[in-house]
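Me: Please look closely at how one pair of helices packs together. Please also describe a pocket to which one of the two contributes.

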Amino acid sequence: MRQRIVTAVIGGIILLGAVIAGGVFFTAFVTLIASAAMYELIRMKHIKLRSFMGLISMLFMWTLLIPADWLDVVFLDHVSKSELFFVMILFLLAWTVVTKNSFTFDEAGFVILSAVYVGYGFYHLIITRHIDDIGLLVVFFTLFIIWATDSGAYFIGRKWGKHKLWPDISPKKTIEGFIGGIGAALIVGWVFHMFFPIYSSAWIVTAFILTASIFGQLGDLVESALKRHYAVKDSGTLLPGHGGVLDRFDSLIFVMPLLHFFYFLS
């Protein structure tokens with residue numbers, strides 16, 4: 001527990017410092033974190049980073065991750081990021097034919113889905129920070145909600161948890177912990193809003209908190225399912241007491257695209 005707390009404090013300070021710095025520094029920081037997360041993911045599948053599949057996975061992820069204006073080069077100024085990514089998918093599928101299925105359709109699917117999962121999740125974190133006037137506050141707001149949810153779910157579940165939430169995926173998570181996480185998020189979220197109001201409507205604030213808390217816990221379960229599928233306990237060992245980067249950012253990269261989708265961050 002002591003190691004877990006020390007890692008959380010140090011990691012939290014570094015992350016919050018990067019968020020405050022913003023700009024190119026924050027983008028570069030998130031790129032490093034996303035690259036580490038992608039490495040953990042391909043390692044789960046026992047893929048070497050320097051292999052064709054490992055390098056292609058990174059390239060696909062970086063294509064989705066980097067801000068769109070970074071792709072404003074002369075020979076690409078007529079295409080969007082999504083169009084470029086789709087063309088890359090077509091070439092990847094064509095490669096299964098060229099290699100006579102030594103590079104399979106399933107492997108191509110892994111590359112594409114992993115790149116979308118990691119790349120788009122962290123991409124939406126970057127563009128959220130770059131929102132004029134409120135970007136910094138929104139990222140802090142989201143982080144505090146997710147951290148409160150994790151802490152509330154852990155302590156409430158440990159103290160009063162009796163009914164398993166989804167034992168086939170994550171045996172230790174309980175329904176009581178799930179509800180406790182939402183309760184903690186509502187408390188922390190509303191305290192944050194009292195000092196740093198972002199939205200004028202109480203309904204929007206509550207909906208934002210509930211969305212981040214509920215889908216954050218769902219994102220945690222998705223990563224748990226991923227680890228169970230590949231028979232690993234943690235996604236990595238980079239963060240002592242916590243596991244890997246994916247173990248810590250699984251909720252955030254699941255929530256950020258949805259906050260944009262539900263029009264909270266238009």
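Reply: Helices α7 and α8 are oblique to each other (not under 35 degrees, roughly parallel, over 145, roughly antiparallel, or 65 to 115, roughly perpendicular). This is a predicted model, in which local features need pLDDT of at least 70 and side-chain atom pairs pLDDT 80 or more, while totals for chains, interfaces and linings use all residues. Residues are numbered from 1 along each chain as its sequence is written, and side-chain values use heavy atoms, without hydrogens or water.

Helix α7 covers residues 175-195 and helix α8 residues 202-229 (helices are DSSP runs of H or I, at least four residues, numbered from the N terminus). Their axes come within 9 Å and cross at roughly 140 degrees (lines fitted to C-alpha atoms over the stretch in contact, with angles from 0 to 180 degrees between N-to-C directions). The crossing is right-handed (the near helix is turned clockwise from the far one by less than a right angle). On the α7 side, the contact (heavy atoms within 4.5 Å) is made by Gly177, Phe178, Gly181, Ile182, Ala185, Leu186, Gly189, Trp190 and His193. Helix α8 brings Ala202, Val205, Thr206, Ile209, Leu210, Ser213, Ile214 and Gln217. By class, ten of these residues are nonpolar, seven are polar and none is charged (Gly counts as polar).

Helix α8 also takes part in the second largest pocket, where α5 (105-129) and α8 each supply at least two lining residues. Helix α5 gives the largest share of that lining, four residues. Seven residues of the lining are nonpolar, two polar and none charged.
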